Amino acid sequence: MARSLGRICKGFQCLGSLSSIQTQLRQPSTSVSVRGTTFVRTMVQALPSLFSSKPRDFSLPNSSWGSEMMRLYEHYNSQCEVETEGGEKQEGPWRRLPSYNRLLKYATGGVYLSKIIQSKARLFTRNIRDPGAAFEYVLFVNSEEQKCACVFQAGHLLEGPPGHVHGGAIATMIDTVTGTHATILSGPVMTANLNINYRSPIPLGSTVLLESFLDKKEGRKTFISCKVTSSNGSKLHTETTALFLSINFSHLLLGE
Ligand SMILES: CCCCCCCCCC(=O)SCCNC(=O)CCNC(=O)[C@H](O)C(C)(C)COP(=O)(O)OP(=O)(O)OC[C@H]1O[C@@H](n2cnc3c(N)ncnc32)[C@H](O)[C@@H]1OP(=O)(O)O
């Protein structure tokens with residue numbers, strides 16, 4: 001019992017780091033975009049400190065990334081840092097988000113889960129070790145324009161219709177991108193509604209671009225839209241509207 005309480009307290013300490021990020025987000029500032037930039041920078045810097053050892057950043061290129069995946073990665077990554085006329089480097093409009101296969105060491109899904117489940121819990125999209133087999137993706141955020149872009153290469157384990165990507169795998173990626181975007185904009189949220197129109201199938205192994213946009217914020221509600229296109233933008237694969245509701249961490253930890 002005492003040990004369980006210790007674990008939960010440690011979990012809350014981790015959550016404290018996230019709370020401070022949220023506090024920063026809520027502090028009055030001159031504009032939403034400045035606030036967003038600060039939040040993203042803080043989040044990027046704070047996340048690794050929540051782990052017990054140095055975690056693998058899954059958003060960095062690996063040998064399975066094809067030429068289209070690399071081309072789009074370079075396209076956005078080159079805009080994360082730009083050179084001034086005087087030759088100095090400064091932050092660009094985009095920022096790459098690191099990606100780990102678990103978010104918190106202790107608070108991995110509620111106090112009612114067994115220790116074994118807590119220790120084995122992994123993020124759904126990052127739990128297959130074989131590079132290129134499933135979800136290969138990297139997410140970039142543009143705080144000024146309040147949008148996100150995700151380059152996604154769909155591996156052979158994501159098959160639905162023969163030779164094409166499973167609709168649930170596509171929905172997973174849309175939920176991941178819009179959910180991350182909503183978290184950046186509003187702090188902790190959960191998906192309340194995801195409305196997807198599938199317009200054309202995605203060939204297995206291909207690279208696509210997911211772009212998400214803030215539609216509006218109303219109280220606890222954050223409305224995001226998202227489209228998935230082929231890597232050169234010529235083909236529309238899906239169109240989505242999503243609703244996220246802001247939550248307290250106790251909603252996840254205690255089921256309240
Ligand atoms: C770093 C790694 C990042 C990875 C990102 C991955 C993102 C993945 C995100 C997810 O997948 S979350 C998992 C899937 N989602 C869930 O399991 C959520 C389950 N549902 C709930 O927990 C609750 O229903 C929810 C928190 C969404 C809302 O419950 P609340 O009790 O907080 O809200 P309430 O029912 O009081 O409704 C508040 C308002 O929202 C509205 N609302 C709630 N659900 C709605 C809905 N589904 N559609 C439209 N409106 C909805 C509701 O009508 C009301 O509107 P008004 O204030 O105007 O009256």
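Helices, of at least four residues, and strands, of at least two, are taken here as DSSP runs that are numbered from the N terminus, and Ser225 is found in one of these elements, strand S8. The structure described below is a predicted model. In these terms, the secondary structure of the protein chain comes to six helices and nine strands. The protein chain has 256 residues, of which 27% are buried. Among its contacts between residues at least 6 apart in sequence, 66% join residues at least 24 apart.

The pairing of the strands may be followed from S7 through S8 and S9 to S6. S7 and S8 pair in the antiparallel sense over ten bridges, and these two strands form a hairpin with two residues between them, in whose turn Gly219 has a positive phi of about 60°. Strand S8, which covers residues 221-230, pairs in turn with S9, again in the antiparallel sense, over nine bridges. The hairpin of S8 and S9 has five residues between the strands, and in this hairpin Gly233 takes a positive phi near 80°. Within the pairing of S8 and S9, Ile224 stands opposite Ala242 in S9, while Thr229 has Leu236 as its bridge partner in S9. S9 also pairs with S6, in the antiparallel sense and over nine bridges, and here Thr191 stands opposite Phe244 in S9.

Two residues of the paired strands illustrate how such an arrangement looks at the level of single positions. Leu209 has its place in strand S7, where it stands opposite Thr229 in S8. Because 20 C-beta neighbours lie inside 10 Å, Leu209 counts as buried. Leaving aside residues up to four places away in sequence, Leu209 touches Leu72, Ala149, Val151, Thr229, Ser231 and Gly233. Leu209 and Thr240 are 31 residues apart in sequence, and their C-alpha atoms are 14 Å apart in space. Ser225 in strand S8, by contrast, is partly exposed, because 15 other C-beta atoms lie within 10 Å. When residues up to four places away in sequence are not counted, Ser225 touches Ser212, Phe213, Asp215, Thr240 and Thr241. The C-alpha atoms of Ser225 and Met190, which are 35 residues apart along the chain, are separated by 15 Å.

The buried nonpolar residues were examined next. In soluble globular proteins, nonpolar side chains tend to be buried together. In this model, the largest nonpolar core has 39 residues, and those with the most contacts inside it are Cys150, Val151, Met173 and Leu210. Two or more residues of this core are given by each of helix H3 (67-77), strand S4 (135-142), strand S5 (147-154), H5, strand S7 (207-218), S8 and S9. The largest share, eight residues, comes from H5. Met173, with residues up to four places away in sequence not counted, touches Phe135, Tyr137, Phe152 and Leu210. One of these, Tyr137, lies in strand S4, and Tyr137 is buried because 23 other C-beta atoms lie within 10 Å. On the same basis of counting, Tyr137 touches Cys150, Val151, Phe152 and Met173. The C-alpha atoms of Tyr137 and Lys227, which stand 90 residues apart along the chain, are separated by 16 Å.

The surroundings of the ligand complete the description. The ligand is surrounded by 13 residues, and the closest are Gly179, Met190, Thr191, Ala192 and Asn193. The elements that give two or more residues to this shell are helix H5 (167-186), strand S6 (189-198) and strand S9 (236-246). By residue type, the shell divides into six nonpolar, five polar and two charged residues. H5 is thus an element that gives residues to the shell around the ligand as well as to the largest nonpolar core. Likewise Thr191, one of the closest residues to the ligand, is the residue that stands opposite Phe244 in S9.

An unreviewed UniProt entry lists residues 163-234 under "domain: Thioesterase". In the model, the span of residues 163-234 is 28% helix and 44% strand, and its end C-alpha atoms lie 20 Å apart.

Terms used:
Residues are numbered from 1 along each chain as its sequence is written. This is a predicted model: local features need pLDDT of at least 70, side-chain atom pairs count only at pLDDT 80 or more; totals for chains, interfaces and linings use all residues. A residue is near a molecule or strand if its C-beta atom, placed from the backbone, lies within 6 Å of it. Ala, Val, Leu, Ile, Met, Phe, Trp, Tyr, Cys and Pro count as nonpolar, Asp, Glu, Lys and Arg as charged, and the others, Gly among them, as polar. UniProt positions are given in the numbering used here, feature names are shortened, and annotations may be inferred rather than shown by experiment. Two strands pair if DSSP finds at least two bridges between them. A residue is buried if 20 or more other C-beta atoms lie within 10 Å of its own, exposed if 12 or fewer, and partly exposed in between; C-beta atoms are placed from the backbone. Two residues are in contact if their C-beta atoms, placed from the backbone, lie within 7 Å. A nonpolar core is a set of buried Ala, Val, Leu, Ile, Met, Phe, Trp, Tyr and Cys residues joined through C-beta atoms within 7 Å.
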